[in-house]
Amino acid sequence: MSRLDLHLHTTFSDGSQTPTDVLTLASKAKVTALAITDHDTISGLPEAIEAGRSFGIEVIPGIELSSRWDNTELHILGYFLDWKNVELHRQLTRFQDARHVRNPRIIEKLNALGIHLTYDDVKALAGNASIGRPHIARVLIEKGYVTSTKEAFDRYLADGAAAHVPRELPEPAEAIAVIRAARGVPVLAHPSWLDRSEGIFRVCEQLKGVGLGGIEVHYSTHRPEQTAAYLDVARRLDLLVTGGSDFHGVTKPDIEVGIGKGQLKVPEALLEPLRKAAQA
Ligand code: AMP
Ligand code: ZN
Ligand code: FE
Ligand code: FE
């Protein structure tokens, strides 16, 4: 059955598959339209759009921006971006620069723990990608220090783990503004990450006040009751509903394009309201 997938990572950030690979997988999964949402970069779009043409799949220009929320992260997806916008490029360069400050400091901490790797090892693996912790995790796996991405995060890279270094991050309002300035629609990614003390309704209400347009209701790891709860939040706040797999390839080996862990089904009817909101 045909479907959408509005949350996908490629080799241009921390995914293991190229945009062309992702389009090939999407075609097999009967995905009719998708969004490439790499972290802090739109560099994968030209290849994705080109591959989309040959598969007859619409490629929506997207992005995923990280922001700071108390002592955790909140991710904002952006859809239908004017991706040639000069100011957008300037802002993304700023976010990239913060990564290049942070990554060598993570390497230093790992070295101090007796782990032998260099930033050049990571760059060799990542190429021109927007480099993140999952790349460092893959080098740790290749060198035999850990056996999985999860182990790398639990032992070294996660918040509070031995080699964690915070990255300078924008406030959610700023991430939302960057997307709006490029005529995109900002959407709260994987709201389940925030399921702690504050209600997701209150978070969304606050973010809507600074320009949030939607919420990622359908997501690979959402249980049916979570999907229902987020759908209810979207209705009450008049937010758009989106959904996607958050495919990363080998970094998240249990998640597939289009179908997530098998249960994901992002309805095609969600696309036109999102497009209309971007054109408004
Ligand atoms: P960074 O962009 O360098 O801060 O890395 C964040 C990315 O790492 C997230 O977008 C996820 O793809 C991945 N990630 C974060 N936490 C974990 C975890 N505990 N296990 C596996 N991957 C994770
Ligand atoms: Zn990622
Ligand atoms: Fe995310
Ligand atoms: Fe993501």
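Is D14 buried or exposed? I looked this up first and found a relative accessibility of 6%, so D14 counts as buried, where buried means under 20% relative accessible area, exposed over 50% and partly exposed in between, with a 1.4 Å probe and protein chains only.

I note that this is a predicted model, in which local features need pLDDT of at least 70 and side-chain atom pairs count only at pLDDT 80 or more, while totals for chains, interfaces and linings use all residues. Residues are numbered from 1 along each chain as its sequence is written, chains are lettered from A and ligands numbered from 1 in the order in which they are written, and side-chain values use heavy atoms, with hydrogens and water left out.

Next I looked at the metal site. The zinc ion (ligand 2) is coordinated by D14 (OD), D14 (OD), H39 (NE2) and H248 (NE2), at 2.0 to 2.6 Å; donors are N, O and S atoms within 2.8 Å of the metal (3.2 Å for Na, K and Ca), and sites may look incomplete because water is not among the atoms. H39 is also buried, with a relative accessible area of 10%.

Then I turned to strand β6 (residues 214-219), taking strands as DSSP E runs of at least two residues and helices as H or I runs of at least four, numbered from the N terminus. Six of its six residues are buried, so β6 is largely enclosed by the rest of the structure. I found β6 parallel to strand β7 (residues 240-244) over five bridges, given that strands pair if DSSP finds at least two bridges between them. In this pairing, G214 has L240 of β7 as its bridge partner.
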